[in-house]
Amino acid sequence: MFTYELAKKLKGTNITTNALHPGVVSTNLASEASWWMKFLYFIGRPFMRSSKKGARTSIYLATSEEVSNISGKYFRNRKETKPASIAFDDELTSELWEISEQLTGLK
């Protein structure tokens, strides 16, 4: 939602913004979690992507000429994917932007 709203605000500039899902990546995020979350993480870890594979879409979006003029989209596995329809609700994305400005002190 935030990316969609930011892309609207940046329209007409040479700046692009996109969102992505890296997949379920094996990281140390659970190191500070409860024992239950650590257990679930331990069980699921063999099915998770490496951090190198998890970074592929980020690197692709930052460096590929193929997407250099694409903005406000959502990617997974280096492919544009349609997010939940709520992401395109202009009223809600605008409200999210306004709340974000207030919470960060930018407004």
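## Exercises on a predicted model

Let's start with one contact: the side chains of Lys 8 and Glu 5 meet in a salt bridge, 2.9 Å from N to O. Keep in mind that this is a predicted model.

**Exercise 1.** Work out how far apart Lys 8 and Glu 5 are along helix H1, and what else Glu 5 is tied to.

*Solution.*
- Step 1: Count along the helix. Lys 8 and Glu 5 are three residues apart in helix H1, so about one helical turn separates them.
- Step 2: Look for another partner of Glu 5. Lys 9 also forms a salt bridge with Glu 5, with the closest N and O atoms 3.7 Å apart. Those two sit four residues apart in helix H1, again about one turn.
- Step 3: Put the links together. Glu 5, Lys 8, Lys 9 and Asp 90 make up a network of salt bridges.
- Step 4: Why can such links form at all? Side chains of opposite charge can pair when their charged atoms come close.

**Exercise 2.** Sort Glu 5, Lys 8 and Lys 9 into buried, partly exposed or exposed.

*Solution.*
- Step 1: Grab the cut-offs: under 20% relative accessible area is buried, over 50% is exposed, and in between is partly exposed.
- Step 2: Glu 5 has 6%, so it's buried.
- Step 3: Lys 8 has 34%, which makes it partly exposed.
- Step 4: Lys 9 has 45%, so it's partly exposed too.

**Exercise 3.** The structure holds four salt bridges. One of them joins Glu 101 to Lys 107; find its N to O distance and say how exposed each partner is.

*Solution.*
- Step 1: The closest N and O atoms of Glu 101 and Lys 107 are 4.0 Å apart.
- Step 2: Glu 101 is partly exposed, at 21%.
- Step 3: Lys 107 is exposed, at 63%.

**Exercise 4.** How many aromatic pairs are there, and what kind of pair do Phe 2 and Trp 97 form?

*Solution.*
- Step 1: The count is four aromatic pairs.
- Step 2: For Phe 2 and Trp 97, the ring centres are 4.8 Å apart and the planes are at 20°. Planes under 30 degrees apart count as stacked, so this pair is stacked.
- Step 3: Now place the rings. Phe 2 is in helix H1 (residues 2-10) and Trp 97 in helix H5 (residues 90-104), so 95 residues apart, and the pair links distant parts of the chain.
- Step 4: Check the cover. Phe 2 is partly exposed at 37%, while Trp 97 is buried at 16%.
- Step 5: Compare another pair. Trp 35 and Trp 36 are edge-to-face, with 5.7 Å between centres and 75° between planes.

**Exercise 5.** Which cluster and which surface patch does Trp 35 belong to?

*Solution.*
- Step 1: Ring pairs link Trp 35, Trp 36 and Phe 39 into a cluster.
- Step 2: Trp 35 is exposed at 66%, and Trp 36 is partly exposed at 45%.
- Step 3: These residues belong to a nonpolar surface patch that also includes Met 37, Leu 40, Phe 42 and Ile 43; together the patch has about 830 Å² of accessible area.
- Step 4: Take Phe 42 from that patch. Its place is in helix H2 (residues 35-44), and at 64% Phe 42 is exposed.

**Exercise 6.** Which strands stand at the edges of the sheet, and why?

*Solution.*
- Step 1: The open sheet has three strands in the order S1-S2-S3, with mixed pairing.
- Step 2: Strands S1 (19-21) and S3 (79-80) each have a single partner strand, so they stand at the edges.
- Step 3: Strand S2 (residues 74-76) runs antiparallel to S3, and two bridges join them. Phe 75 has Glu 80 in S3 as its bridge partner.

Technical notes: Residues are numbered from 1 along each chain as its sequence is written. This is a predicted model: local features need pLDDT of at least 70, side-chain atom pairs count only at pLDDT 80 or more; totals for chains, interfaces and linings use all residues. Side-chain values use heavy atoms; hydrogens and water are left out. Patches are made of residues with over 30% relative accessible area and no salt bridge: like charges are joined within 9 Å, nonpolar side chains (Val, Leu, Ile, Met, Phe, Trp, Tyr) within 5 Å. Accessible areas come from the Shrake-Rupley method with a 1.4 Å probe; for residues, only the protein chains shown count as cover. Buried means under 20% relative accessible area, exposed over 50%, partly exposed in between (1.4 Å probe, protein chains only). Rings of Phe, Tyr and Trp (its six-membered ring) pair if their centres lie within 6.5 Å; planes under 30 degrees apart count as stacked, over 60 as edge-to-face and the rest as tilted. Two strands pair if DSSP finds at least two bridges between them.
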